Amino acid sequence: MNKVKKYLIEGIMALVSLLFLVPLWMVLINSFKTMPELSEFGVWFPKEFLFSNYLRVFTEGHALRGLFNGIYISTAIVVISVLVSSMAAFYISRSTTQLSKFMYVVFIAGIIVPSAVIPTYMILYFTHLTNTYLGLILTGSTTALPFSIFLYVGYVKSVPRALDEAALIDGAPRWKMFFQIIFPLIKPATATIAMFNFLGSWNAVESMLYFAGPDKWTMPMTVYAFYGQVYNEWDVIFADIIITLLPLFIVYLVGQKYIISGMTAGAVKA
Amino acid sequence: MIRKTSRIAISLMLLLSLIGSVVACGSNDSSSTTTTAVSTVSTATEPVKKAPVTFTLATFNGWGTNDPILKTAIKEYKEFSGNTVELQLFPDDQFLNVIRTKLASGDATDLVDIAADQTTIPTTYYEPLDGPWAASLNPLMAAKVTRASDKKITTAPYSAMSYLGAIYNKEVFAKAGVKPVLKTYNDLIAACEAIKKIGVAPIQIANKDQAGHLWQYIGSSYLFKNESDLAANIMSNKVKPQDDAGMVELFERTLSLKKYLKSDYASATGMDALKQVATGEVAMFANGSWCYGILQKDFSDKLPNIGIMPITLGDDSISVTQTLGGCGFSIPTTSKHKVEAAEFINWFLQPEKIKEWSQWSPGTWPYNGVDTEKSPWDDEMSGYVDQGLTTDLGLEGQFPNFDFVKNDGYALSIQSMFVGKPVKDTLEAWYKGMSDVNKSKRTTGW
Amino acid sequence: MKKDLNSRIYTPIFIMPALVLYFIFFIIPNVGGLFVGFTDWTTLYFKSPRFIGLDNFISMFSDPIFFKSIFNTFYYTIVTTILKVSLGLIFAVILNNKVKLTNLYRAIIFAPIMMSTVVTGLIFSAIYHPEKGLLNVFLGKIGLEVLQQQWLLDSKFAMNSICAMDVWMGTGMLMAIFLAGLQTVPKDFYESATIDGASSRQMFFKITIPLIVPSITVNTSLGLISGLKVFGQVFVLTNGGPNDATQVVGTFLFKYFGQGMLGYTSAVGIVFTIFISLVSYFQIGTMRKKEVEM
């Protein structure tokens, strides 16, 4: 009986996984077909593997520029958001003052409040940061703050306070104490947050449209060269999606084993 | 406690002052209209000797008609002048808003290609334009692209003045015994019945692309002829469209076509519709003669079998509709390469260049005396005029500010009508759309 | 002594870099947005907004489409939250009990979190395509033509089709949080329960559920907030159509944003933010109470 149940569960999970895989498989396999063969979006192999779609993604879609911009901007956002939010979270979760409680609420509100695109654009305009990498990086880091702080605050709580006090007796400066002793201990949360922020900033579209011109656009924007209201070149769109997902896939492979450990204290015990 | 409140007060004041400064900065540099026209008449024909520059051109991924023209032009212009034009392609559903925001803040590209249309973008954002082409500009088009405040041209239109009508399959028509032109609404219904009998779907409206409104838009000229002050009254909010019996009847007649639509009308795109007419799955699809260029790409063998004809939803009048729409270049006042951008426009609009571009946009261009490629569809439409049909420039030609037919309110509400919105609600939704747009434009009377 | 230590080790300076960023690029724009909601600011008259009092709010509340979009947003939120939370919990419980290919299954079900709504939307509009789409093609191949539908174009199915895509996208994230929650449940609880002869169902309801209430709270909040804020999913698949059947507040707002009506957009945004805040406040409040009770 138990064995039957076990196989049943295994079967169900295999089926579920299939459901999750099929859409991605469809994109991959159809990206090697061209329009005439693509009269329906099937899941079978193409008659012949064609790379012409990929060639067009790089020549007409400026994929190299998109990849470079995406990696540059997203990496910068990850570094800034991790440093800045871990420090803020350390203060928020440790300090017992009213200020720290208030700040926690202020930051968490950012998860709820929708972003105000045009007013943010105005800020960039008046600080002369429109169409600059710096502007995109700073706004992107800010967008990443609330959720990062939320996860970090929970995680920092799992690090014993005694460590802070011990470090202080050594007489080290406070920032040194934080980065030498606390920061290494919250590495699982850092891995999770870094991964989410990389994915999030790589996928940001709205900010790209308004805050920067196409020379700063990241990979997901390149699809618009092929996707219009009337002209949908699905074969090239599929290839573009694959190139867009490729770096994310690498980040995901490296990062996914940290997801659960990073969340354990971060989201669940908070 | 006191310290806490004072802290909050201080931070609030800081915030307010910051916002204040933001608002103040915004209002300082208004009305920065430049009065000197960027004119470089002489340099249009000889290569520029200056160091090559790169300037940017923003446009959107629309029907794809301006795409081959722009790409070819940019390539040729680089060979001619050494200057590089960098094409920036925006998503078409967001282009207008993005470019309006960037124009307003002075962050736009050096050159923009939006539409030969003055109603969606404040013309104060543009440099006045001049060049050899300006003299030959069609007067009706010239009126459309000229700024009211100082009578300067601010947009240089390019692309043919398309005819609007029903693109139809000649073979299907012959088989069903239908002959163009269908001069009344009743003729249209009779033709649909005949086509239905031979097992072909009479009409495709491509509702996915909101193309359903086109049939009504083209077919409505009778109404505005019969009720000559209706358009003006709607524009000034004196008459609500839902209160006008003629308008209600027009919408009802449009909806009555539903039983003649191809079954996939809700999901079909404009491209699907063209394909279906080409292959004879559908008899008719209302659109513009610019579609000839699109069909040339994939269905050149079928083209002799496809025609275009005027349509009407009225009982007593039909006319050949031409449109003043199309693409157009403008130079933002904040452009960093005004001179080079103007040189590009002048080079682009030389008569022999227009002739070259017209292979992708065949028909009459809005430049008098300029020889362009014509498609058989242009001949067919002008043939109907020779047979005695009146021509009109569509509603936009007769009423230069009658732009609301193009905004979301009209097309969107008719799209909804075909999937179940009652006629009365459709008219109200259109009115709501018009009211939103006119309020945001601060039109008097709204 | 405690307070002294507190202020000696934990200095508010640590919060400054985050706060400066957050203040400039989030708080100022949003507070600015508050003011904008009372003006007729548009991209057409970018440099001359006028104060118009409550006009924006009045026209919002007299627009039936606005109420329709609120209803649709609620429908979407409730359906997707229930499905994502329950499926996420089921998958997490199964995958917590060492199934053979646990790691592979986990990796696959997580995978959609790396994709943006735009990309996922594009993929699903290809799947739902009435003639070419994988779903209808598949139904046709296995002889179930009767089930073929115009998934996104028929107002009966459009909303549920979008919900299905969101479940596909979002379940992995919630499952991850549940898995994290399950790891905090001590193994010996189950051992002693097994010795006492408890059935696996009893263990699930008497041990697992009470101990992972915090992760249920977090997941329900995340589900509710992301549901109420839904935009990309609907925008890419249907943009609110057909006939407003899938109009949600996010797309309603964007329709006016796209027309450049920034004042009106802000007003809708203000009302909606208040709305989400209230929902989250009550949801977290009741859930926290439950945690204490348990």
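**Close-up 1. Salt bridges and polar contacts between the two domains of chain A.** The rule finds 0 salt bridges across the interface of domain 1 of chain A and domain 2 of chain A; a salt bridge is a side-chain nitrogen of Lys or Arg within 4 Å of a carboxyl oxygen of Asp or Glu. For residue pairs in polar contact, both at pLDDT 80 or more, the count across this interface is also 0. A polar contact is a pair of N or O atoms within 3.5 Å; within protein, one must be able to donate a hydrogen and the other to accept it, and residues adjacent in sequence count only if both atoms are side-chain atoms. The model is predicted: local features need pLDDT of at least 70, side-chain atom pairs count only at pLDDT 80 or more, and totals for chains, interfaces and linings use all residues. Residues are numbered from 1 along each chain as its sequence is written, chains are lettered from A and ligands numbered from 1 in the order in which they are written, and side-chain values use heavy atoms, with hydrogens and water left out.

**Close-up 2. Area buried between the domains of chain A.** Chain A is divided into domain 1 (2-30) and domain 2 (58-268), with bounds from an automatic or database domain assignment. About 390 Å² is buried between them, 87% of it from carbon and sulfur atoms; buried area is the accessible area (1.4 Å probe) that two parts lose on being put together, summed over both. Of the area that domain 1 buries against domain 2, A:Val27, A:Leu28 and A:Asn30 supply 80%, more than any other three residues. Taken over C-alpha atoms, the centres of the two domains are 32 Å apart. Domain 1 gives 5 residues to the contact and domain 2 gives 4 residues, where contact means heavy atoms within 4.5 Å.

**Close-up 3. The interface of chain B and chain C.** Here 34 residues of chain B are in contact with 32 residues of chain C. The two chains bury about 3,000 Å² between them, with 58% on carbon and sulfur atoms. On the chain B side, B:Asn97, B:Ser440 and B:Arg442 lose the most area to chain C, together 21% of what that side buries.

**Close-up 4. Charged and polar pairs between chain B and chain C.** The rule finds 3 salt bridges across this interface. C:Asp63 and B:Lys432 meet through their side chains in a salt bridge, at 3.5 Å from N to O. The interface also has 6 residue pairs in polar contact, both at pLDDT 80 or more.
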